[in-house]
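Hi,

Here is the structure I promised to pass on. Have a look at it first, and my notes follow underneath.

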Amino acid sequence: MGGTEKKLLRALAGETLPVPPVWMMRQAGRYLPEYRATREKAGSFLDLCYTPELATEVTLQPIRRYGFDAAILFADILLVPQALGADLSFVQGEGPRLSTVTSAADLARLKPAEAVHETLAPVYETVGRLREELPSETTLIGFAGAPWTVATYMIAGRGTPDQAPARRLLYGDPATFEALIDRITEATILYLSAQIEAGAEVVKLFDSWAGALPGLWFRRYAIEPAARITAALRAKYPEVPVIGFPRGAGAGYLAFADAAGTQGLALDTSVDPDWAAQALQPRLCVQGNLDPLLLVTGGDALVRETRRVAEAFSGGPHIFNLGHGITPEADPRHVEIMLETIRAPRQ
Ligand code: CP3
């Protein structure tokens, strides 16, 4: 298979590499002047997501600048709610705003899962263009939000610190909550399948708010939907690995590693790498988990902690990444220092 020279695919297949493949969550983003320029040209963030030429351009920018081992499709997890019929806008400086789903009547107004392709077709075109334009050693990652995280935005209509509106619906109208999770799960399977058909070589499920799920419900609404999506994709595309990211899951990372069926597991900043190397890495490829703040602060701490993360995971399959997305305040030169540190020959 042509995939074997791609380091990211080798790590996800379980290989321990002398230098881990590396990419960063939100690697195409506001810390890069070239991103801000293209974003300006596009007008709005959503126009950028839905214009294949520009979405391709911003996906490639960090690859050109840094030579990461993987490119992640430029899009957003909230395109799926929009494709299901939610009104979506991004308010400058305030984040996303959506129409809300808080009752059976709201749910009934959503479109069926099969309808998502109408809205999302430009995203598939971006994936196709990227596969043509990326260097042969660079792996293309597609993605979607995990059902719980997507549901939190659909229910609250915005980001909230603790996902109280979603938990309210879970307790107050479990049938509607469950039906919403199911609808998103089905839509996600269709969306990721189409990304794979268009050329995505790995897919990642972002459950960025998994840590806000009460522990009693973690299995039901984080692990089970991820397992359903992974099983459906692996049945059709057994060669395409899935990376799970149950951010903030804490002890739930163990059960997720055992039961979600993913080949990769992205670790958030809170996870102790030495624990994860012992408890998780023998089961699957781990990804992470440098604190993104170090790319703002730089200095000795950046070099020291980059080395510590790389060292902790050097005995098994590992993809070097951050514990969450790089922030707009990060200094692009600090990313270079991080890369030099990871790729320097070991002492
Ligand atoms: O990682 C990448 O480089 C690929 C592109 C990507 C974006 N969003 C682009 C984006 C990916 C994978 C996402 C995922 C995403 N989107 C998540 C899960 C990952 C995470 O960070 O936890 C979530 C929760 C969202 C929803 C979302 N999108 C929010 C809450 C916001 C506003 C907050 C913010 O950072 O501004 C966005 C906007 C967004 N998505 C931006 C980018 C580059 C910034 C928008 C801009 O350029 O103005």
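A quick definition to begin with: buried means under 20% relative accessible area, exposed over 50%, and partly exposed in between, using a 1.4 Å probe and protein chains only. Strands (E, at least two residues) and helices (H or I, at least four) are DSSP runs numbered from the N terminus. This is a predicted model, where local features need pLDDT of at least 70 and side-chain atom pairs count only at pLDDT 80 or more, while totals for chains, interfaces and linings use all residues. Residues are numbered from 1 along each chain as its sequence is written, and side-chain values use heavy atoms, without hydrogens or water.

Strand 9 (residues 318–322) caught my eye. Both of its faces are covered: H318, F320 and L322 are buried on one side, I319 and N321 on the other.

Where does strand 9 stand in the sheet? The sheet is open, with seven strands in the order 1-4-5-6-7-8-9 and parallel pairing (strands pair if DSSP finds at least two bridges between them). Strand 1 (70–72) and strand 9 are at the edges with a single partner strand each, so one side of each has no neighbour in the sheet.

Strand 9 pairs with strand 8 (residues 285–290) over five bridges, in the parallel sense. Among the bridge partners, G288 goes with F320 and N289 with N321. Helix 15 (residues 299–312) packs on the sheet and touches strand 8 and strand 9, contact meaning heavy atoms within 4.5 Å.

Cheers

How values were computed
Axes are lines fitted to C-alpha atoms, for helices over the stretch in contact, and angles run from 0 to 180 degrees between N-to-C directions.
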